[in-house]
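Please look over the sequence and the structure shown here before reading on. The report that follows moves from one whole chain to a group of its strands, then to some backbone details and to the meeting of two chains.

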Amino acid sequence: MDKCAGGNAKHSKMSSLHHWINASAAAFVVRAIIFSLTGIALLVASILARRIIRRHHFDRLAEAGFYVRQHWDEIIGGEIPRNEWREVHADADAIITQALDRMETASEEKAARLLDFLRDAGLLDRMLAEAREARGWRRDAALVQLGRTRALEAVTSLVDALGDRNSETQLAAVRGLARTGLAQAGEAMLERVVAGDLALAGTSLQNSLIACTRVNPRILLPYLYLAQGPVRELLARVMAEVASVALGDDLLLLASDALPEVRASVARALAHAEFGFAFPALAQLATDEEWYVRLRALTSMGQFKQARALPVLLRGVCDENRHVRQRAAEALAHVPDPTSVLRDVLKMEDAYALQAMIAELDRTGDFERILKTLESTASLTGRAEAEQLLEALEAGAEGLNTMMRLPAAARKTVQTV
Amino acid sequence: MNMRAVLNISNNTFFFYYLFSNLSYLILLIVALLSSRAHHQHLASLRLERIKISPLTPPITLVAPAHNEEASIVPAVRSLLHVDYPELEVVVINDGSTDRTFARLQEEFDLQAARLLYIPHIATAVVRGLYRSATDPRLIVVDKDAGGSKADAVNAGLNVASSPYTCVVDSDSMLESDALLRIMVKILEDPKHVVAAGGIVRVLNGCQLMNGRIRAVRLPRSPIVIFQVIEYLRAFLIGREGWARGNMLTIISGAFGVFRRDVVMSVGGYRASAIGEDFDLVARIHRRMLDEKREYRIVFVPDPVCWTEVPPTAKSLGRQRARWQKGLIDVLWPNRDMLFRRRYGRIGAIALPYLWVFELCAPILEILGIAAIILAAVLGMLSRGLFIEFMIYGYLFAAMISVGAVLQEEITYRRYNNWRDVARLMLYCFLEQFPYRQMHLFWRLQGMWQYARGDVVWRSMDRVGLEATASSRPEP
């Protein structure tokens, strides 16, 4: 009886729950239908409105762009009074865009004239105001546009924006400063980076520092000596791109720096120095503990195309790292007599070195030619040596193919570096 | 408990399931709209040419596996070589094709045997030879025995690749010329943490091609292809964009994705036996990174575009969708230990459970729900009014999400310039619910059934070739 009563109560509870859900569901579904219908109407309206507005906007821009292009000389020369176009937003925008586009491909003298025009016409002031006062993405775009003018007065506004709380704006300011390519912009960024006030992930900051310090890499040096940890690594990577012989004796000092990035940058820069000056440092860097320092050193060494560099390059082609071996082989493949280099490589009895040479000579298209030359060697004294080399080269080439033809199970035992 | 009680519970469960599913779509749509807007505003201060001239831009190897692709291989490779990127290497893998795929490559690109050092870091089927194009030395072709899967071919390509980043592209797909520059924007902003990036894949059928490039983007005529256009827009512009926002992207399309090579190598490359190798790779990357407690990001970039040929017939589409469903089971089941474990963070707590409930089990739950509703109607338990209202709601809500995807397309690319194309696209958003949705349901169930029976054989898609696909559409 009790059980039956309990069962009835349970059933009644279930039933009332079901009714409640049904009633709530019915009300909800009606609201959801209205919501969906409104959503569809709004979305369709957004699509249509967007299309119409964009069409109108781009028609107006195209019209303004066409007018400006047709009357460019009159606009620049002042024959068309500035009041006629300065207050018309689309026209002024089109003039700024075209002036900046032309500045990028113009000679220095012409670019300076265009900048003067922007100053005189008040357009530079307008850009400066926009870079300071606009908000959100409009400010970001204005900052980059301002940088494109390469005007010295732009640097202050751009540097101010580096202190913005929004990282997007900081990024835009960094990009703008990169576009100026001015050493002052570089120094302003370096100060903030070293003080820890500017830290952006990614390559934008590095690119910007490269662009602004390329003209005078010496401005990097005091900050590089001052910086610590990751900031120093970042500056070292910048140095690797911009370092030149202008750094003079500092290069030799930095060649024994504790940070491998710095040593790599020195190795790269030494490629542009006198061979006599660079050789001892490069020979030392070619034995560095870090593979990419050795790689950079061997690449630079190869660029000199000097006989004295050959022993260093030959050591490099036997390196434990395959990228280093390949880079050394690249340099060795370009010496005037690659056959004699091949003989030297053969003497080293290093299969990987020989493979690197064969792969490189094949890439340059010289391998078949060398084989043919060796096959046709007629002199009795050279014949035996030629045959020995030929045999080794063919075996080396076959060795390259063997590894990829090995069945999957056997490959696991192959030692690869 | 009697039949009525069971049906009541079942109907209520189905109602709430459907409600939650729709709510999650709505959230994804809103997140995706906001995310796309932010991305486009971000691009306002960026010029892609700066990436091109930067000495810090890393090289990329494009890896394109090809198995019996003679119809599309030449325009596809030509389009890869046209990609605008400073340091590019293109590795095409001829995976034991039995047609003229390799011969077409040889004829068109003057392939010469190359003596390259091939180190098989990842085991693959036997590689017969390596070739380099005499006309464009950036092109390397790996000729290998068929490994029975796309994954095996891609692994051979990864062994040959010499760049720190690799981009796997299907050989029946075409990259837009600026696709790599665009996808690298997000990677270069945080190269330390971003380990993979996916771009958007769009439907090539109907477009006009010329010399391996898209001349005009048009909507195809075939309804089954238009439904796929909407599906792709919805999946990429709403789904991936929304999930990526919360760093919960679980799939990067096999047709177009950039990966850090060292990360892919560290997880052992693609799993050769995987049915959905792209999904499987991303799942393993998540697992590895979370196991090692490493900070990482897998991102989606909404503007780099890869165009792909989609199945033009219901039969081949059915095969593809069944395979996708099998791929889903094949990844979710072995990774079930990631569910709700603290170590796997939001992937284990949100992304994977969502896939289990709303993707993997969806076909079964939908069938059960429909059966319960019909039974309830037969037994007179269902209010006819509520039933009809519920159906209208389901129909309108799904249409709204699809129209939302079209709006996203308008905001991000606006590739369909023709008003008629946009109007047709919107019209098809309303036609998709019947019978396409039911066919789709059937194919997915078929996939589950095949998987349960152990049928995991690759069934190839009928291809007509990129140029034929693109030019097959008569101009209106």
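Among contacts in chain B between residues at least 6 apart in sequence, what percentage join residues at least 24 apart? In this predicted model, the share for chain B is 80%.

## Chain B as a whole

Chain B contains 16 helices and 12 strands. Its radius of gyration is 23 Å, close to the 23 Å that the globule rule gives for 476 residues, and chain B is therefore as compact as a globular protein of that length. Taken along the principal axes, the box filled by the C-alpha atoms of chain B is roughly 75 × 55 × 50 Å.

Of the 476 residues in chain B, 50% are buried.

## A group of paired strands in chain B

Strand β4 of chain B covers residues 127–133, and 5 of its 7 residues are buried. Strand β3 (residues 111–113) of chain B runs antiparallel to β4(B) and is joined to it by 3 bridges, with Ala113(B) having Tyr131(B) as its bridge partner. Strand β5 (residues 139–144) of chain B is also antiparallel to β4(B), here through 5 bridges, and β4(B) and β5(B) form a hairpin with 5 residues between them. Within this pairing, Tyr131(B) stands opposite Val141(B), while Gly129(B) stands opposite Asp143(B). Tyr131(B) thus has a partner in β3(B), namely Ala113(B), and a partner in β5(B), namely Val141(B).

Which residues of β5(B) lie on each of its two covered faces? In a regular strand the side chains alternate between the two faces of the sheet. On one side of β5(B) are Leu139(B), Val141(B) and Asp143(B), and on the other are Ile140(B), Val142(B) and Lys144(B), all of them buried. This agrees with the count for β5(B), in which 6 of 6 residues are buried. Strand β2 (residues 88–95) of chain B pairs with β5(B) in the parallel sense over 6 bridges, and Ile93(B) has Val142(B) as its bridge partner there.

## Backbone details

Most residues other than glycine have a negative phi, and most peptide bonds are trans. In chain B, the peptide bond from Phe434(B) to Pro435(B) is cis, with omega near 0°, and Pro435(B) is found in the loop between α14 (419–431) and α15 (436–452) of chain B.

In chain A, Arg150(A) is not a glycine, and yet it has a positive phi of about 60°; its place is in the loop between α7 and α8 (152–162) of chain A. Lys305(A) likewise has a positive phi, near 50°, and lies in the loop between α17 (291–304) and α18 (310–316) of chain A. Are these residues buried or exposed? Arg150(A) is buried, because 20 other C-beta atoms lie within 10 Å, whereas Lys305(A) counts as exposed because it has 12 C-beta neighbours inside 10 Å.

## Where chains A and B meet

In the contact between the two chains, 50 residues of chain A are in contact with 44 residues of chain B. The elements of chain A that each supply at least two residues to the side touching chain B include α1 (2–70), α7 (136–148) and α23 (380–405), and the largest share, 19 residues, comes from α1(A). The residues on this side of chain A divide into 30 nonpolar, 11 polar and 9 charged.

Methods: Residues numbered from 1 in each chain as written. Chains lettered and ligands numbered in written order. Predicted model: local features only at pLDDT ≥ 70, side-chain atom pairs only at ≥ 80, totals over all residues. Contact = placed C-beta atoms within 7 Å. Helix = DSSP H or I, 4+ residues; strand = E, 2+ residues; numbered from the N terminus. Nonpolar A, V, L, I, M, F, W, Y, C, P; charged D, E, K, R; others polar. Rg over C-alpha atoms; globule rule 2.2 N^0.38 Å. Pairing = 2+ DSSP bridges.
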